[in-house]
Amino acid sequence: MSDATERPAVDDDAWAKACAEDLEAEKARRRAQHGPPPGSAGEELRKLLDAVADKVSSFQTSLPGMAAQNAVQQLVSQAKAAVEPVIERNPEIFDHLAAAGGELLAAYRSAVEGHERRWTQGPKPSGDAKDPRDEGPGPSEHIDLD
């Protein structure tokens, strides 16, 4: 075969490279449009605790009484102290807890929707309800009256 009829060398990973480039471009477009994606549940909890601590410290001048200020500040710092080691050692725990909470919410929603459906349907019409006593006489049987 001549060089003109041979197949050109094809990069085996060209498809994978093109897909990876497209995926990265799409991720960059979404980040630009929607901002950075949320982190893990542990990171989000850490951000929440920091935001609460900042908000409480900004309210210190408006909270009545120094005892209330100290109590709230102590509560926030205790929560952070309890959560930080867990986030550092096992960050996936909060992802599992978030998933479990979602499943519990879905189960609760399903149960409530079922009850609401039965409540809104109202009582069944009497013609549809079958009472076994309304079936008429059963098999005939001789009764001796003597």
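The following exercises, each with a worked solution, concern a predicted model of a protein.

**Exercise 1. Overall architecture and confidence**

Determine how many helices and strands the protein has, and state how far the predictor trusts the model.

*Solution.*
Step 1. The secondary structure consists of 4 helices and 0 strands. Read from the N terminus, the order of elements is therefore α-α-α-α.
Step 2. The mean pLDDT of the protein is 77, and 72% of the residues reach 70 or more.
Step 3. Among the helices, confidence is lowest in α2 (residues 41-59), with a mean of 79, and highest in α4, with a mean of 89.
Step 4. A caution applies in reading any such model: where pLDDT is low, the predicted coordinates should not be read in detail.

**Exercise 2. Surface and contacts**

Find what percentage of the residues count as buried, and describe the accessible surface and the contacts.

*Solution.*
Step 1. A residue counts as buried when its relative accessible area is under 20%. Of the 146 residues, 7% count as buried.
Step 2. The accessible surface of the protein is about 12800 Å², and carbon and sulfur atoms contribute 58% of that area.
Step 3. Among contacts with a separation of 6 or more, 53% involve residues 24 or more positions apart.

**Exercise 3. Helix lengths**

Compare the spans of helices α1 and α4 with those expected at 1.5 Å a residue, and identify the residue that follows each helix.

*Solution.*
Step 1. The expected span is 1.5 Å times one less than the number of residues.
Step 2. Helix α1 (residues 14-34) has 21 residues, so it should span 30 Å. The C-alpha atoms at its ends are 30 Å apart, in agreement with this value.
Step 3. Helix α4 (residues 92-121) has 30 residues and reaches 44 Å from its first C-alpha to its last, close to the expected 44 Å.
Step 4. Gly35 follows α1 and has a positive phi, near 90°. Gly122 follows α4, and its phi is also positive, near 80°.

**Exercise 4. A salt bridge inside one helix**

Examine the pair Glu26 and Arg30: give the distance, the location and the exposure of each residue.

*Solution.*
Step 1. Side chains of opposite charge can pair when their charged atoms come close. The structure holds 6 salt bridges, and one of them joins Glu26 and Arg30, at 2.9 Å from N to O.
Step 2. Both residues belong to helix α1 and stand 4 residues apart, about one turn of the helix.
Step 3. Partly exposed residues lie between 20% and 50% relative accessible area. Glu26, at 28%, is therefore partly exposed, and Arg30, at 48%, is likewise partly exposed.

**Exercise 5. Salt bridges between helices**

Which helices do the salt bridges of Glu88 with Arg46 and of Asp50 with Lys80 link?

*Solution.*
Step 1. In the salt bridge of Glu88 with Arg46, the closest N and O atoms are 2.8 Å apart. This pair links distant parts of the chain, since Glu88 lies in helix α3 (residues 66-89) and Arg46 in helix α2, 42 residues apart.
Step 2. Glu88 counts as exposed because its relative accessibility is 56%, whereas Arg46, at 23%, is partly exposed.
Step 3. In the salt bridge of Asp50 with Lys80, the closest N and O atoms are 3.0 Å apart. This pair also links distant parts of the chain: Asp50 is in helix α2 and Lys80 in helix α3, 30 residues apart.
Step 4. Asp50 is partly exposed, with a relative accessible area of 31%, and Lys80 is partly exposed at 24%.

Technical notes: Residues are numbered from 1 along each chain as its sequence is written. Side-chain values use heavy atoms; hydrogens and water are left out. Helices (H or I, at least four residues) and strands (E, at least two) are DSSP runs, numbered from the N terminus. Buried means under 20% relative accessible area, exposed over 50%, partly exposed in between (1.4 Å probe, protein chains only). Contact means heavy atoms within 4.5 Å. Accessible areas come from the Shrake-Rupley method with a 1.4 Å probe; for residues, only the protein chains shown count as cover. pLDDT is the predictor's confidence in each residue, from 0 to 100. A salt bridge is a side-chain nitrogen of Lys or Arg within 4 Å of a carboxyl oxygen of Asp or Glu.
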